[in-house]
Structures are given as structure tokens and as C-alpha cells.
Amino acid sequence: MKNEKLENILSKQNFSKEEVIDLLNLDEKHDIESLFRKADQVRKDFCGEEVHLRGVIEISNHCDQNCLFCGLRDDNFTVKRYRMEPDEIIETAAKLVKLGIYTIVLKSGEDRKLDTDIIAHIIYSIKKSTNVAITLSLGERGLDEYKTWKIAGADRYILRHESCDSTKYAYYRNKKTHTNRIQQLKYLKRLGYQIGDGTLIGLPLQTIDEIADDMLLFQEMDTDMIAFSPFIPSPFTPFQNKPAGSIELTLKAIAVARLLLKNVHIPATTALDSLDPKGKEKGLKCGANILMPNYTPYPYRESYRIYPNRRDSNSDPFDSHKMLVDRISNIGRDISFSRGDSLRNSSFLHL
Ligand code: SF4
């Protein structure tokens with residue numbers, strides 16, 4: 001792209017869809033570096049130098065769904081299924097609080113056996129002695145369940161839509177509807193949840209045009225956290241022989257989202273780190289301000305295989321924590337000891 005045109009786009013406060021596409025299509029090394037530099041500056045101006053840690057506990061790998069891209073899909077008979085006991089989950093959360101992690105992410109497939117009351121009990125038990133933020137990532141659940149869990153103390157909900165093209169959405173997610181996903185996200189927002197969404201970069205048939213649409217949808221929905229992860233093919237899924245998503249395009253998506261949405265929270269995902277040994281650092285240097293380390297205890301952590309060869313799935317979660325702290329300080333950033341609530345709406349601040 002001509003220098004003048006790139007500088008003109010980068011100087012804007014808002015982008016048209018065509019400009020988002022232009023930025024995602026940048027291919028000259030020095031153009032991409034200009035994009036990353038600008039995104040890093042915007043991250044510094046709007047979010048500061050702190051990196052917020054969201055401690056993930058994968059509480060169950062059972063799933064009733066059959067998304068084509070996911071290793072946990074119901075039809076994958078090779079997965080050794082587990083469901084953690086409520087007390088184990090509550091104890092693991094307490095260990096994270098001792099480490100200074102003030103957001104606990106409870107993550108699972110769509111597992112109906114983790115019913116409304118069990119989840120409410122876990123949330124309430126964690127929250128009764130500490131003001132950590134609780135993020136739920138449990139898939140599409142009933143509207144009454146969302147309400148009950150909010151009352152029990154949940155703060156955030158992650159429901160990634162992965163693709164805003166409704167035909168492809170139904171294909172990737174085995175006939176589920178994009179409209180329902182968006183309605184659920186809107187409902188969660190109305191209930192007072194901070195919402196998280198995301199896109200898998202490099203899904204089969206995905207186009208740059210669709211990634212641009214995803215970004216504009218995040219802007220319209222006033223999403224509080226957005227994640228871009230490279231697609232990684234998983235064995236025993238219909239997409240097992242498809243190529244992995246591009247790291248470079250994932251990093252460009254992070255950078256463009258930072259420029260477009262300014263103070264949104266953006267993680268450098270574990271998937272990025274699984275494809276590139278410096279994936280987390282690269283993400284944090286082009287707009288990301290969040291890391292989501294996995295603290296799922298043994299023996300469960302090896303069995304939560306959305307994709308294969310996930311970085312840190314075989315290491316001790318508490319040893320990995322020390323390494324993570326070093327990686328963050330090696331790039332001159334600080335770890336936050338706050339909850340890291342949404343920066344997009346001051347009514348969410350509980351610091
Ligand atoms: S993406 Fe989520 S809902 Fe779909 S199969 Fe995987 S765990 Fe289940």
C-alpha cells in the first residue's frame with residue numbers, strides 16, 4: 001500500500017469496512033510493522049502497560065455439540081471425558097486467588113450435566129470469600145440459567161461466534177444459528193454481564209471480507225473482550241486435514257481490532273502461542289493486553305483438546321505461572337493485580 005494511504009488510514013479514529021479490509025490485506029513487512037506500532041501505542045494510551053491474567057479452569061470436556069472445527073465435539077469418541085467435582089473447582093479457584101489472579105474463567109463444552117444449581121453453587125462459593133471476577137465460558141445455555149448465575153455472582157460471559165456469515169456459521173456449528181448466538185450475547189449484555197466474543201482466523205472457506213464484518217459486529221455489539229485465535233486442525237474432526245490459520249493474519253486482526261475498538265480487552269491466545277514459541281509476546285506487542293493461562297489441574301488438563309499439541313498442556317500449571325511472569329517482564333510489561341474489568345463501560349468497574 002502507498003505510504004500516504006496507509007498513514008491516512010492509521011490516523012483515523014474510525015474505519016470503513018474497506019479500510020479494515022485494506023489493513024488486513026497489508027503484505028509489505030514495513031507496512032505491517034507500522035500497523036503493529038500504531039496498535040501498540042493505542043493499547044498503551046487506552047489500556048496502559050498492565051497485562052491482565054485470566055486464570056482458566058477447564059471444568060468439563062463433555063459437549064453435546066458437534067462443531068466441525070473442535071476436538072471436543074460429541075462425535076469424537078477418542079476424547080477421554082471428565083467433569084471436575086465442584087469442590088475441586090472451588091479449591092483450584094482459591095489457589096489462583098493466592099497467586100494474585102483476580103479473574104477466574106470457568107470453561108467447559110456445552111455440558112448439561114453441569115446444571116444451573118451446580119454452576120450457581122460454584123460461583124457463589126468462590127465469590128463469598130473474595131471479590132474475584134468470574135467469567136463463564138459454558139456455551140449456549142438457557143436464559144434463566146444466565147440470570148441465575150448473574151445473581152449468584154458471575155461477572156462475564158464468553159460466547160464466541162467464530163464467523164458472522166450465517167450460512168457458514170450453521171455449517172461450522174452443525175446447524176446452530178448465528179441469530180440465536182447474537183440474541184444470547186445481547187441478552188447477556190442486558191443482564192449486566194461483560195461479554196466476550198471471538199473469531200477463529202483461517203477457518204476453511206473464511207474470507208477477509210468476513211473477518212472485517214466480524215470486527216464491525218464487535219463494534220456494534222459493544223463487546224468488552226474479543227479474541228482472535230488461529231484455527232488449528234484437530235484429529236478426528238471433519239476439518240482434520242485442513243491447513244492451520246495464519247499467525248500473521250491473526251496478529252493483523254488483533255492490531256486492527258485495537259485501532260478500531262480502542263479500549264476493548266484483547267488476549268494473546270494460547271492457540272497463537274501453540275503455533276509460535278513467541279506467540280504471546282507477539283500478540284502483546286501488536287495490541288493485546290490480556291493473557292489467559294490454563295490452571296486446569298492434572299489429570300484433566302491433558303484431556304481438554306480443542307486442538308492438538310496445545311502449549312503448556314503437559315506442564316505443571318504452577319511452574320508455567322513462573323515462566324509466564326518472566327515472559328511478561330522480559331518484554332517490559334507489568335502484571336495487573338486488579339480484576340481487569342471492562343474499560344468500555346464505567347458502570348462495570350468494581351476495583
Ligand atoms: S466449540 Fe464448544 S460447543 Fe462446539 S464442539 Fe467445541 S466445546 Fe462443544
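**Note on the sheet and helix H6**

1. Helix H9 (residues 208-221) lies across strands E6 and E7, and its direction makes an angle of about 175 degrees with E6. The model under discussion is predicted. Helix H8 lies across E5 and E6, running at about 150 degrees to E6.

2. The strands beneath these helices belong to an open sheet of six strands, ordered E2-E3-E4-E5-E6-E7 and paired in parallel. Its edges are formed by strand E2 (55-60) and strand E7 (225-230), each of which pairs on one side only. On average, neighbouring strands of this sheet are turned by 20 degrees against each other, direction ignored.

3. At the E7 edge, strand E6 (residues 194-201) is joined to E7 by six bridges in the parallel sense. Gly 196 has Met 225 of E7 as its bridge partner.

4. Helix H6 (residues 143-152) has four buried residues, namely Glu 145, Tyr 146, Trp 149 and Ala 152. Viewed down the H6 axis, these buried residues fall within an arc of 125 degrees, so they line one face of the helix. The face turned away from the buried side carries the exposed residues Asp 144 and Ile 151.

5. The cover over the buried residues of H6 includes both helices and strands: helix H5 (116-127), strand E4 (133-137), strand E5 (156-158) and helix H8 (178-190). H8 thus appears in two settings, in the cover of H6 and across E5 and E6.

6. Concerning the backbone just after H6, Gly 153 adopts a positive phi of about 125 degrees.

Notes: Residues are numbered from 1 along each chain as its sequence is written. This is a predicted model: local features need pLDDT of at least 70, side-chain atom pairs count only at pLDDT 80 or more; totals for chains, interfaces and linings use all residues. Side-chain values use heavy atoms; hydrogens and water are left out. Buried means under 20% relative accessible area, exposed over 50%, partly exposed in between (1.4 Å probe, protein chains only). The arc is that of the directions from the helix axis to the C-beta atoms. Contact means heavy atoms within 4.5 Å. Two strands pair if DSSP finds at least two bridges between them. Axes are lines fitted to C-alpha atoms, for helices over the stretch in contact, and angles run from 0 to 180 degrees between N-to-C directions.
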